[in-house]
Amino acid sequence: MPRQSPCHRGETPADQTPRVTADLLITGATLLVTMDDERRELPGGWVAVQDGLVSAVGGAQDQPPAAQEELSAQDCLVTPGLINTHHHIYQNLTRAYRPTTRASLFDWLTGLYPLWAGLDEEASYLSAWVGLAELALGGCTTSTDHLYVHPRGAGDLISAEISAARELGMRFHPTRGSMSLSQKDGGLPPDSVVQDDDEILADSEALVARHHDPSWGAMVRIALAPCSPFSVTPELMRRTAELAERLDVRLHTHLAEDPDEDLFAARTFGRRTIDQFEEVGWLTDRSWVAHCIYPDDGEIARLGAAGVGVAHCPSSNMMIGGGGIAPVRAMRAAGVNVGLGCDGSSSTDSASLWMEARNAMLVGRLREGPTAMGARDALEIATLGSAACLGRLGELGVLRPGAVADLVCWPLTGLAFAGALTDPVEAWLRCGPVSARHTVVAGKTVVRGGELTAPGLDDVLRRHSAAAARLQRLG
């Protein structure tokens, strides 16, 4: 793409104060990584923000515009905000739950479903507040959430999450998850957390009408997300795909996460799980899926040709996977848009996209060798790849004029970075651990100086502890 001028500058008399042309200026970065088409990396970089969008970027040799507010990025690597493409935030209410910490995926699920049946609006709000705050401290500016547990009488759980996201100032893509096959139908979840197809579809349409914003720079978008091939009917998968097409929203589900999934699909549908995914109308560029650890070579080619995205969840895959490592390099080579995901808080028990980026780099090298994955590859997955999964390539995950003003200032100082002098990007993931010094979303600081800017953390943590104890039936 043609190189864009960092800003428009006319001749200004020496004794005249420059006109303020930006709301916010992030200035003085050790290195600014734009992730633009040219993959420019600008020493001494700065970013100007106007009305929630990037208005200009430049390096040390470029004169920035005057701004109403300045934010110092001294001694920092500045990157686009990281984007979380798969999460189950409510699960932070059952982190490190002892009876399930040594369980396989299916045993882990059946052990936790009875606890999650106690989810309500208050717990959903608190878990979202805690989860999104944790993500912001770890450099995330946009997060999805896959909330598929909707107990009877629990209320409007997704609207409760959206309230928390708005309080924190986070960009949020909640997905209306669903389960329609309970234990009596041959599925895994108890009857108390499943719904019938018509109820699911009606609520999905209502949530899109109430919250989905298709405009450029939107803070909230809704996607439709039946949980998995073994927790919903094929008919619900088909009808959900049709509804998403009519409403022009995206589709999300789990796919090829565990070896048992193909066994289940063969026994139940007479085909492999990705064949079933295609059979019900989901093999399209409207879809992105979580995990995708076990596709074969032909299936990888089909996913790429169809434009399906994949949320790579390296920590969760190691924690509760079936021993496989997702074939990220092969998927990207086949044209699959691979993004990054934390996955549920009670599977990885942490929500740091910095850690996920580091683990993506490490497991990529473990699977394919040391030349297969570097820090820049992991950063691209966490920004551009994730933006493509959400259908927002060019809008999110890049610092260029017109893109959203979502960015992170990562400090590269102290003992952990002593001696790291030649490559700030590689140092960012090889050294550390590191959290965000500043996290900016839509031109507003969500994290400043390593602290949340939203008030009320202590009160939220107190209430969250009480809700978690109630769900875990403690006391």
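At 33% relative accessibility, Arg376 comes out as partly exposed; buried here means under 20% relative accessible area, exposed over 50%, and partly exposed in between, with a 1.4 Å probe and protein chains only. This is a predicted model, so to speak of local features takes a pLDDT of at least 70 and side-chain atom pairs count only at pLDDT 80 or more, while totals for chains, interfaces and linings use all residues. Residues are numbered from 1 along each chain as its sequence is written, and side-chain values use heavy atoms, with hydrogens and water left out.

Back to Arg376: its side chain meets that of Asp423 in a salt bridge, meaning a side-chain nitrogen of Lys or Arg within 4 Å of a carboxyl oxygen of Asp or Glu. Asp423 sits in the loop between strand 16 and helix 13 (424–430) and Arg376 in helix 12, so the bridge ties together parts 47 residues apart in sequence. Helices (H or I, at least four residues) and strands (E, at least two) are DSSP runs, numbered from the N terminus. Elsewhere, salt bridges with shared partners join Arg39, Arg332, Asp377 and Glu380 into one network.

The structure holds 31 salt bridges, including these:

| Acid | Base | N to O distance |
|---|---|---|
| Asp423 | Arg376 | 3.0 Å |
| Asp406 | Arg171 | 2.8 Å |
| Asp296 | Arg272 | 3.9 Å |

The Asp406 and Arg171 pair spans 235 residues, from the loop between helix 12 (375–389) and strand 16 (407–411) to strand 10 (residues 171–178). Asp406 is buried at 4% relative accessible area, and Arg171 is buried at 0%.

Asp296 is partly exposed at 36%, and its partner Arg272 likewise counts as partly exposed at 31%. Asp296 also caps the N-terminal end of helix 8, with a side-chain oxygen 3.1 Å from the backbone nitrogen of Gly298. In that helix (residues 297–306), Glu299, Ile300, Leu303, Gly304 and Ala306 are buried. Their cover includes helix 7 (273–279) and helix 10 (328–333), going by contact, which is heavy atoms within 4.5 Å. Just past helix 8, Gly307 takes a positive phi of about 80 degrees.

Now the greasy part. The largest nonpolar core has 124 residues, and Leu109, Trp116, Trp129, Tyr148, Met331 and Trp428 have the most contacts inside it. Such a core is a set of buried Ala, Val, Leu, Ile, Met, Phe, Trp, Tyr and Cys residues joined through side-chain atoms within 4.5 Å. Helix 2 (residues 121–137) gives the most to this core, with 10 residues. Apart from it lies another core, of 18 residues, with Leu42, Val54, Ala405 and Val440 among them.

There are 7 aromatic pairs: rings of Phe, Tyr and Trp (its six-membered ring) with centres within 6.5 Å, stacked if the planes are under 30 degrees apart, edge-to-face over 60 and tilted for the rest. Tyr90 and Trp116 pair edge-to-face, 5.1 Å centre to centre and 85 degrees between the planes. Ring pairs link Tyr90, Trp108, Tyr113, Trp116 and Tyr148 into a cluster. Tyr90 is buried at 2%, and Trp116 at 0%.

Finally, the sheet: 7 strands make an open one in the order 3-2-7-16-17-18-19, with mixed pairing, where strands pair if DSSP finds at least two bridges between them. Strand 3 (41–43) and strand 19 (451–452) are at the edges with a single partner strand each, so one side of each lacks a neighbour in the sheet. Strand 17 (residues 438–441) and strand 18 (residues 444–448) run antiparallel, joined by 3 bridges, and Val440 stands opposite Thr445.

Definitions and conventions:
Polar contact = N/O pair within 3.5 Å; in protein donor to acceptor, adjacent residues only side chain to side chain.
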